[in-house]
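Okay, thanks for coming, everyone. I'll put the structure up and then walk you through the sheet and some of the aromatic rings.

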Amino acid sequence: MMKRSKRLQLAIMGTAPFVLSGCGDSSREALVYKDVASCINDGVISDSVCRYEYNKAWQNHLMMAPKYQVASDCQQDFGTTCQQLASGEYIPTMEGFMLAAEPGSNRSSFTVIPLYLGSGGYFRTGNYDKVGSSYKQGKVIVDKRATAKPSLKSTTMKRGGFGSRSAARGSWGG
């Protein structure tokens, strides 16, 4: 039989990752889903909340998706999952959505972010921040930067979008 102090020590050790993750850590937990059905099947939040948050992500997508003048620039960043708008601009197709609980909300209020398929096998935000370590769904650990409340203002990308920026950063040594 295990001593009481040993059980208490193990219980405290079990909560340590949650305590430490809030102290200056640059990551946080979020829920990531491809669609409403994936959200419902995960069972973490209710069917009605899944539907509501997906619709909110869709509205955010329409307002804030990065826009490109040329299809090939969109495809450079997001592959073949780009679509043309009535305005003639191109945007990536929304391929998922992320729910990040607002700090202190106890999962009752979410920052909802549309997700896109990016290069290298990752979901990406409209700012091209990588979400998780793959196209994993459900609870995912993400960089806090990726869960920031999105600006509901779209950006028109110029000359190669994110790919040209990261290539330029690489040549500056950063």
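Let me begin with a working rule: a charge sits over a ring if NZ of Lys or CZ of Arg is within 6 Å of the ring centre and within 35 degrees of the ring normal. Keep in mind as we go that this is a predicted model.

With that rule in hand, look at lysine 130, which lies over the face of tyrosine 122, 4.3 Å from the ring centre. Then there's arginine 124: its charged end sits over the ring of tyrosine 128, at 4.2 Å from the centre. Hang on to tyrosine 128, since we'll be back there shortly.

Now the sheet. It's an open one made of six strands, and if you read across you get β8-β7-β6-β5-β1-β9, with antiparallel pairing. So which strands stand at the edges? Those are β8, residues 130-131, and β9, residues 138-143; each has a single partner strand, so one side of each has no neighbour in the sheet.

Moving inwards, β1 covers residues 27-33 and β5 covers residues 96-101, and these two pair antiparallel over three bridges. Tyrosine 33, for instance, has phenylalanine 97 in β5 as its bridge partner. There's also a helix packing on the sheet: α3, residues 47-64, touches β5 and β6, and its direction makes about 65 degrees with that of β6.

On to the rings. How many aromatic pairs do we get? The count comes to five. One of them is tyrosine 54 with phenylalanine 97, edge-to-face, 5.4 Å centre to centre and 80 degrees between the planes. What I like here is the link along the chain: tyrosine 54 is in helix α3, phenylalanine 97 is in strand β5, and they're 43 residues apart. Buried or exposed, then, for phenylalanine 97? Phenylalanine 97 is buried, at 0% relative accessibility, while tyrosine 54 is partly exposed at 23%.

Next pair: phenylalanine 78 and tyrosine 128. Their ring centres are 5.4 Å apart and the planes are at 80 degrees, so this one is edge-to-face. Phenylalanine 78 comes from helix α4, residues 71-78, and tyrosine 128 from the loop between β7 and β8, so the pair ties together parts 50 residues apart in sequence. Both of these residues are buried.

And they have company: ring pairs link Tyr68, Phe78, Tyr116 and Tyr128 into a cluster. So, back to tyrosine 128 as promised: the ring that has arginine 124's charged end over it also belongs to that cluster. That's my tour, thanks!

Terms used:
Residues are numbered from 1 along each chain as its sequence is written. This is a predicted model: local features need pLDDT of at least 70, side-chain atom pairs count only at pLDDT 80 or more; totals for chains, interfaces and linings use all residues. Side-chain values use heavy atoms; hydrogens and water are left out. Two strands pair if DSSP finds at least two bridges between them. Helices (H or I, at least four residues) and strands (E, at least two) are DSSP runs, numbered from the N terminus. Contact means heavy atoms within 4.5 Å. Axes are lines fitted to C-alpha atoms, for helices over the stretch in contact, and angles run from 0 to 180 degrees between N-to-C directions. Rings of Phe, Tyr and Trp (its six-membered ring) pair if their centres lie within 6.5 Å; planes under 30 degrees apart count as stacked, over 60 as edge-to-face and the rest as tilted. Buried means under 20% relative accessible area, exposed over 50%, partly exposed in between (1.4 Å probe, protein chains only).
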